[in-house]
Amino acid sequence: MKKILSLIICISVGASVLAQKEDIKAIKTVYAAYDKAASKHNAEEALRCLTTSSVECYSKLLGLCKTADSTTLAAMPAVDIFMTLTIRARTDASLLCGMNTGKDLLLNALQEGMTGAALPLETITIQGDTAYATVKSSTVQHRFVKESTGWKVDLTQTFAILSQRFEIVTQKLQISKQELCVATLKQSGIEVPATIWEPTCKK
């Protein structure tokens, strides 16, 4: 009986290790596919590599880009302010107002090179249907989620990390979220007119 139990345990452990190796391979594959598609501005292909929550996040951003005024933005996390101002500055107003879904905004962001992957993945840790991966020379963790169609890149993790870093910098420099966002955009060579704080689209 002990031999049988030992054999069952060995088979179970072996199957688990094999499954994890397959998951790691799939995660690296989807990350590489997203990086390649994003770098070539192949928006449709890149979109297929992203989680549902990533698209939902851009639905929220689209609403802010269209209708949020300075008061509304001031109450938002710094990363939402930064993304809203970036999109307003880099997207034609008529094009932005013509968008209906978060998918429309995300596709445009991918086409314009506003988002993408970066360095190769190193350590990958899998926790059920969620995985975290580090990249070389960085403490930033990328998150992946296993959906019905396979492993996907989750951009919401990146937004959460950016938000934390914005908060740290604002406290260290004793400046407002708005000031930091504007300064960051200007350092990137993006013009920031006063009208950028006004709603882009008429209700």
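This is a short walk through the structure, one selection at a time.

**Before you click**

You are looking at a predicted model, where local features need pLDDT of at least 70, side-chain atom pairs count only at pLDDT 80 or more, and totals for chains, interfaces and linings use all residues. Residues are numbered from 1 along each chain as its sequence is written, and side-chain values use heavy atoms, with hydrogens and water left out.

**Stop 1: the whole chain**

Start with a cartoon view. There are nine helices and four strands; helices (H or I, at least four residues) and strands (E, at least two) are DSSP runs, numbered from the N terminus. Trace the chain along its sequence and you get α-α-α-α-α-α-α-β-β-β-β-α-α.

Now switch on a surface. The accessible surface is about 11,700 Å², with 56% of that belonging to carbon and sulfur atoms (Shrake-Rupley method, 1.4 Å probe; for residues, only the protein chains shown count as cover). Of the 203 residues, 38% are buried. Here buried means under 20% relative accessible area, exposed means over 50%, and partly exposed is in between (1.4 Å probe, protein chains only).

If you like contact maps: among contacts between residues at least 6 apart in sequence, 59% join residues at least 24 apart. A contact means heavy atoms within 4.5 Å.

**Stop 2: the sheet**

Select 121–154 next. The four strands make an open sheet, ordered β1-β2-β3-β4, with antiparallel pairing; two strands pair if DSSP finds at least two bridges between them. On the edges sit β1 (121–127) and β4 (150–154), each pairing on one side only. Neighbouring strands are turned by 30 degrees against each other on average, direction ignored. For angles like this one, axes are lines fitted to C-alpha atoms (for helices, over the stretch in contact), and values run from 0 to 180 degrees between N-to-C directions.

Zoom in on β2 (residues 130–135) and β3 (residues 141–147), which pair antiparallel over five bridges. Pick Thr 134, and you will find its bridge partner in β3 is Gln 141.

Move on to β3 and β4: five bridges join this antiparallel pair, and a hairpin connects the two strands through two residues. Glu 147 has Gly 150 in β4 as its bridge partner. Colour β4 by accessibility: five of its five residues are buried, so this strand is largely enclosed by the rest of the structure.

**Stop 3: across the sheet and on to α9**

Show helix α8 (residues 156–173). It lies across β2, β3 and β4, at about 150 degrees to β3. Follow the chain into the loop between α8 and α9 and stop at Gln 174. Gln 174 has a positive phi of about 55 degrees although it is not a glycine, and at 68% relative accessible area it is exposed.

Which residues are buried in α9? Select Lys 177, Leu 180, Cys 181, Val 182 and Leu 185 to see them. Cys 181 comes in at 0% relative accessibility. The cover over the buried residues of α9 includes α4, α5 (78–90) and α8. Just after α9, Gly 189 takes a positive phi of about 80 degrees.

**Stop 4: the disulfide**

Type in Cys 97 and Cys 201 and show sticks. They form the one disulfide of the structure, with an S to S distance of 2.1 Å; the cut-off is a pair of cysteine sulfur atoms within 2.5 Å. The torsion about the S-S bond is about -105 degrees, so the disulfide is left-handed. Cys 97 belongs to helix α6 (residues 93–97) and Cys 201 to the segment after α9 (177–187), so the pair ties together parts 104 residues apart in sequence.

Is each end buried or exposed? Cys 97 is partly exposed at 32%, while Cys 201 is buried at 11%. While you have cysteines selected, add Cys 57, which is buried at 19%.

**Stop 5: two last picks**

Go to Thr 71 in helix α4 (residues 70–74). Thr 71 is exposed, at 60% relative accessibility. Measure from its C-alpha to that of Glu 198: the separation is 9.6 Å, though the two are 127 residues apart along the chain.

Finish at His 41, in the loop between α1 (2–39) and α2 (43–47). His 41 has a positive phi of about 60 degrees without being a glycine, and at 39% relative accessibility it is partly exposed.
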